[in-house]
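Reader: Before I accept the labels, I would like to see how each one is reached. Please take them in turn.

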Amino acid sequence: NGIEEIKNVIRGLEEKSKNITIKYLGAPKYHLALTADDYKIAEKEILKIKELGSILMKNKGNFELVRDD
């Protein structure tokens, strides 16, 4: 089920990174907010999230992280 796959990805991201919050905006969009003490730490965390999201989705769909600076 696609919805369960999305929930699993969200749970996986939240478990691996305690500095993020994810909100549902409406299918198929979610808002991910990241907090960090420093810009460099945030950049590393973003890269980690992008990689992990892609790994968790595998061949089940697309994971795209679009920055809203």
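Author: A residue is called buried under 20% relative accessible area, exposed over 50%, and partly exposed in between. The model is predicted.

Reader: Why is Glu45 called buried or exposed, whichever applies?

Author: Glu45 has a relative accessibility of 12%. The cut-off for buried is under 20%, so Glu45 counts as buried.

Reader: What makes the pairing of Glu45 and Lys48 a salt bridge?

Author: The term requires a side-chain nitrogen of Lys or Arg within 4 Å of a carboxyl oxygen of Asp or Glu. Between the side chains of Glu45 and Lys48 the N to O distance is 3.7 Å, so the pair meets the rule. Both residues lie in helix H2, three residues apart, about one turn of the helix. Lys48 has 38% relative accessibility, so Lys48 counts as partly exposed.

Reader: How many salt bridges does this rule give?

Author: The count is four. Another of them joins Lys60 to Glu5, with the closest N and O atoms 3.1 Å apart. This pair links distant parts of the chain, since Lys60 is in the segment after H2 and Glu5 is in helix H1, 55 residues apart.

Reader: What class of exposure do Lys60 and Glu5 fall into?

Author: Lys60 has a relative accessible area of 47% and Glu5 has 25%. Partly exposed covers the values between 20% and 50%, so Lys60 is partly exposed, and so is Glu5.

Reader: What makes Arg67 and Glu43 a salt bridge?

Author: Their closest N and O atoms are 2.9 Å apart, and the limit is 4 Å. Arg67 belongs to the segment after H2 and Glu43 to helix H2, 24 residues apart, so this pair also links distant parts of the chain. Arg67, at 39% relative accessibility, counts as partly exposed. Glu43 is partly exposed at 22%.

Reader: Why is Ser17 called buried or exposed, whichever applies?

Author: Ser17 has a relative accessible area of 3%; buried means under 20%, so Ser17 is buried. Ser17 is found in the loop between H1 and strand E1. Leaving aside residues up to four places away in sequence, Ser17 touches Glu45 and Ile49.

Reader: At what angle do H1 and H2 pack?

Author: The angle is about 145°, with the axes 10 Å apart. H1 contributes Val9, Gly12, Leu13 and Lys16 to the contact, and residues from H2 include Lys48, Ile49 and Leu52. By class, the contact has six nonpolar, two polar and two charged residues.

Terms used. Residues are numbered from 1 along each chain as its sequence is written. This is a predicted model: local features need pLDDT of at least 70, side-chain atom pairs count only at pLDDT 80 or more; totals for chains, interfaces and linings use all residues. Side-chain values use heavy atoms; hydrogens and water are left out. Axes are lines fitted to C-alpha atoms, for helices over the stretch in contact, and angles run from 0 to 180 degrees between N-to-C directions. Helices (H or I, at least four residues) and strands (E, at least two) are DSSP runs, numbered from the N terminus. Contact means heavy atoms within 4.5 Å. Ala, Val, Leu, Ile, Met, Phe, Trp, Tyr, Cys and Pro count as nonpolar, Asp, Glu, Lys and Arg as charged, and the others, Gly among them, as polar. Buried means under 20% relative accessible area, exposed over 50%, partly exposed in between (1.4 Å probe, protein chains only).
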